[in-house]
Amino acid sequence: MTQHQRLLIIDFGSQVTQLIARRLRELKIYCEIHPYQNVTDAFLADFAPQAIIFSGGPDSVTREGSPRPPASAFTLGVPILGICYGQQVMMQELGGLVESGHGTAEFGRAFVTPADKKLPLLEGWFSEGTEQVWMSHGDHVSRLAPGFEVYGTSPGAPFAITADVNRNFYAVQFHPEVHHTPRGAKLYENFVRLAGFTGDWTMASYKDDAIAKIRAQVGDKQVICGLSGGVDSSVAAVLIHEAIGDQLTCVFVDHGLMRLNEADEVVTMFRDHYNIPLIHADEADLFIGALEGVSDPEVKRKTIGKLFIDVFQREANKIEGAEFLAQGTLYPDVIESVSFSGGPSVTIKSHHNVGGLPEKMGLKLVEPLRELFKDEVRALGRELGLPESFIGRHPFPGPGLAIRCPGEITREKLEILRKADAVYIDQIRKHGLYDEIWQAFVAILPVRTVGVMGDGRTYDYACALRAVTSVDGMTADYYPFSHDFLGETATRIINEVKGINRVTYDITSKPPGTIEWE
C-alpha cells in the first residue's frame, strides 16, 4: 500500500477546522484532524507528519489550563503553521507574549499590509498593496517569540503575519481557510510547497489502497452492506465489490418513501449493471402503514429507524457466515463524533449509518470512506465508473419523503409529492441548473387551499419548492431562480399533478431555517 505524505492538523476547537482539511485535500495533500489532547509525544512519533498546522480555537492562551500542543511538536524539525489561536499558542510556548483586551480585538473583514521583507509563504499575495483577510480574535500577540519577524500587520494585529524562517515556523492571526480570505488557498499552497509536499493524494491511489485494505481486513469472510440508494453507501458498495466480489451482499430496505422510480433505479443499477448480490426488501406497506396519521417529525424518524433495523436484521440473518457490516461513514462524521475536548460531541446522524446494528448483530465494521469528504466520495465514484447522473445527485435524507410531508402522512400525499418533485427536478434539469444547486425538492404542506381550474372550484394541497446552494450543508442560501422559471414550474406542477393547486417558493437561508422542512 502507498505511504502518503501526511500533514497533521492539531485541533484547538475552531468551528472551521474542517475547512483547513478541505483546502489541503483540494491540493492533493493527505491530512488528518486530531484534538490537541490526543496528540501526545507517542502519537507524533507514530504519525510522523511532514508538516503540522495548529487550528484556531475559542479559548485564551492567557487562561491557566488552556489548550497546548506537545512540546515535541516544535522539535520534530517539520514546518508548522499556526492560525489565530494557533499563532498565539505558538508565541506563548516559544517565549513570546499574548495579551487580552487593549482595544485590539478584530472580528470580520480586515486588511493586512505587508512588511518590506519578502516571505515565500506569501508568494502571490499583496499584488494590490493590501490583502483582505478574515479575523476573529479577542487576544493579540504583543511580543514575538525569539527568532520570529513580522511580515504583515493589520489595524488590530501588529503581528498579523509572523515567521521564523530558519525553523520553518509560520503564524498568522487571521483565518486563511474561510472564503472571506480570498487568497487564503494560495497561502496553504505555498505552505505545503515549502514543506516539500508533492500532492500524492489522488483518488486513483486511494482506490487501490482501499481495495488492498478491504481484502486484508475481510479475508475470505462475508460482508453485508446496508444500501440506502444514496451516493455514500453506493460508492462504498461498488468499492467493496471490486475488492471481494461475491463475498459482498447488499441489503436494500425499500421503505416506500423514495422519489419517483428511485427504488427501481437502485435495484437495476446494482443487481443488473454491477451484478452485485442484492436483497431487495420491499417493505413499503409496513413502513407507510406504521406512519399513516403520524404528524410528529421525531416520531416519524424513530418509527422509520426502528422498522429499518428490524427489517435489515431479518434480511441480514439470512446471509450465512457474515462477519462484517459495511457502512458509508464519511470523515466529517468521524470528526464530529469526538469534540476537540475529547468527549462526545455531535452524534453521527442515524440515517448516515445503521445505528447500533454492528453491536446488536455482533458484526465488525468495514468503513472504506471514513477518510473522505463528500466531494472526494464523488471523485472516488467517478474513479470506480459510476454514472455521472448518479454521482452528481443531490443529497437525499434517510427518512426520505416522510420529512418532506409536514403533518400527517398518507399514501395519497406521498404520491402527490413524488409527482410534484419529479416535475420540479425535470424543470431544473431542462434549464441546466441541476449542478449549480446543492439540494432541491418539493414539500407538500399540511394545508388545503381554494383554487379555480376551468369553471370549477378546487380545494387541494399547497406545496413549497426548496432549492439551496451550499458547500457542505452546514450553511445554505436559497437559489435565486428567475420569476420566469418559477412561474413556468408552478404552471407545470398545477397542470400535471392532480391534488396541488398552489405553489410557493421557500427563500429561507440556513440559518435560521434548516434545509429540510422537518
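Here is a short conversation about aromatic pairs, buried residues and a helix contact in a predicted model.

Student: Why is the pair of phenylalanine 12 and tyrosine 85 called tilted?

Tutor: Good place to start! The two ring planes stand at 45°, and stacked needs under 30 degrees while edge-to-face needs over 60, so the pair falls among the tilted ones. The centres are 5.4 Å apart, and the limit for a pair is 6.5 Å.

Student: What makes this pair a tie between parts of the chain?

Tutor: Phenylalanine 12 belongs to the loop between strand S1 and helix H1, whereas tyrosine 85 belongs to helix H3, so the pair ties together parts 73 residues apart in sequence. Both residues are buried, and both belong to one aromatic cluster with Tyr36, Phe54, Phe74 and Phe169.

Student: Why is the pair of tyrosine 478 and tyrosine 505 called edge-to-face?

Tutor: Their planes are at 80°, and the cut-off for edge-to-face is over 60 degrees, so the name fits. The ring centres lie 6.5 Å apart. Tyrosine 478 is in strand S19 and tyrosine 505 in strand S20, so this pair ties together parts 27 residues apart in sequence.

Student: Are those two tyrosines buried or partly exposed?

Tutor: Tyrosine 505 has 19% relative accessibility, and buried means under 20%, so tyrosine 505 counts as buried. Tyrosine 478 has 34%, which lies between the 20% and 50% cut-offs, so tyrosine 478 counts as partly exposed.

Student: How do you know that the charged end of arginine 22 sits over the ring of phenylalanine 373?

Tutor: The charged end is 5.3 Å from the ring centre, and the distance limit is 6 Å, with a second condition of within 35 degrees of the ring normal. Lysine 117 sits over the ring of tyrosine 151 in this way too, with its charged end 5.6 Å from the centre.

Student: What makes H3 mostly covered?

Tutor: Seven of its nine residues are buried, among them Tyr85, Gln88 and Met91. Just after H3, glycine 95 has a positive phi of about 105°.

Student: How do the axes of H14 and H15 cross, and which kinds of residue make the contact?

Tutor: The axes come within 10 Å and cross at roughly 145°, and the crossing is right-handed. Residues of the contact include Val423 and Tyr424 of H14 and Phe485 and Arg492 of H15. Six of the contact residues are nonpolar, two polar and five charged.

Definitions and conventions:
Residues numbered from 1 in each chain as written. Predicted model: local features only at pLDDT ≥ 70, side-chain atom pairs only at ≥ 80, totals over all residues. Heavy atoms only, no water. Axes fitted to C-alpha atoms, helices over the stretch in contact; angles between N-to-C directions. Helix = DSSP H or I, 4+ residues; strand = E, 2+ residues; numbered from the N terminus. Left-handed = near helix turned anticlockwise from the far one by under 90°. Contact = heavy atoms within 4.5 Å. Nonpolar A, V, L, I, M, F, W, Y, C, P; charged D, E, K, R; others polar. Phe/Tyr/Trp six-rings, centres within 6.5 Å; stacked < 30°, edge-to-face > 60°. Buried < 20%, exposed > 50% of the residue type's maximum accessible area, 1.4 Å probe, protein only.
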